[in-house]
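Dear colleague,

Please find below the structure I wished to pass on to you. My findings follow directly after it.

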Amino acid sequence: VWLLCDVCRQSVYFDSLGALAACLRTIAQDQQAVVTAVKNRLTAEYDDQKTAGYRDVNLNLRIVTDDTVRFGLNNHICEVQLILTSFAELKTHAGHKRYVAYRNARAE
């Protein structure tokens with residue numbers, strides 16, 4: 001169960017990189033949100049060929065409050081995807097089907 005990471009997943013869409021960055025800063029400053037991993041697919045160094053051009057910032061985090069500790073949920077990992085609206089169309093059903101076909105063609 002400890003390896004299960006994205007049973008709880010949410011995507012948040014932004015019209016600008018500045019708004020996405022502000023959200024990321026807010027999450028990082030929230031003492032109840034413990035970020036356990038960050039995958040930043042928006043950096044210039046990221047090879048977007050791996051994801052057929054799709055980019056986002058993907059966070060794994062835990063919510064640690066009195067309630068989550070009391071109910072034994074404080075170690076539950078949630079995934080939050082921060083996405084620019086311009087990339088959101090790639091996440092549509094048709095877009096995902098194209099990505100799966102692309103990934104399968106690459107034998108991944």
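The notes below cover the overall fold, the sheet, the cysteines and the salt bridges.

Please bear in mind that this is a predicted model. The protein contains four helices and four strands, arranged along the sequence as β-α-β-β-α-β-α-α. Of its 108 residues, 29% count as buried. About 7300 Å² is exposed, and carbon and sulfur atoms supply 56% of that area. Among contacts with a separation of 6 or more, 60% involve residues 24 or more positions apart.

The four strands form an open sheet with mixed pairing, in the order S1-S4-S3-S2. Strands S1 (8–14) and S2 (33–40) are at the edges, each pairing on one side only. From one strand to the next, the twist averages 20 degrees. S1 runs parallel to S4 (residues 78–84), and seven bridges join the two; in this pairing, serine 11 has glutamine 81 of S4 as its bridge partner. Helix H1 (residues 17–29) lies across S1, S2, S3 (57–63) and S4, at about 155 degrees to S4.

As regards covalent cross-links, the search of the whole structure returned zero disulfides. The closest cysteine sulfur to that of cysteine 78 belongs to cysteine 8, and the 3.8 Å between them is too far for a bond, given that a disulfide requires the sulfur atoms to be within 2.5 Å. Cysteine 78 counts as buried, at 13% relative accessibility.

The same kind of search found four salt bridges, of which three are described here, including one within the sheet.

- Glutamate 79 and arginine 9 meet through their side chains at 3.0 Å, N to O. Because glutamate 79 lies in strand S4 and arginine 9 in strand S1, this pair ties together parts that are 70 residues apart in sequence. Glutamate 79 is buried, at 9% relative accessibility, whereas arginine 9 is partly exposed, at 46%.
- Arginine 41 and aspartate 56 form a salt bridge at 2.6 Å, N to O. Both residues are in the loop between S2 and S3, 15 residues apart. Arginine 41 counts as buried at 13% relative accessibility, and aspartate 56 is buried with a relative accessible area of 1%.
- Aspartate 48 and arginine 55 pair at 3.8 Å, N to O. Here aspartate 48 is partly exposed, at 24% relative accessibility, while arginine 55 is buried, with a relative accessible area of 15%.

With kind regards

Methods:
Residues numbered from 1 in each chain as written. Predicted model: local features only at pLDDT ≥ 70, side-chain atom pairs only at ≥ 80, totals over all residues. Heavy atoms only, no water. Buried < 20%, exposed > 50% of the residue type's maximum accessible area, 1.4 Å probe, protein only. Contact = heavy atoms within 4.5 Å. Areas by Shrake-Rupley, 256 points an atom, 1.4 Å probe, with all protein chains shown as cover. Pairing = 2+ DSSP bridges. Axes fitted to C-alpha atoms, helices over the stretch in contact; angles between N-to-C directions.
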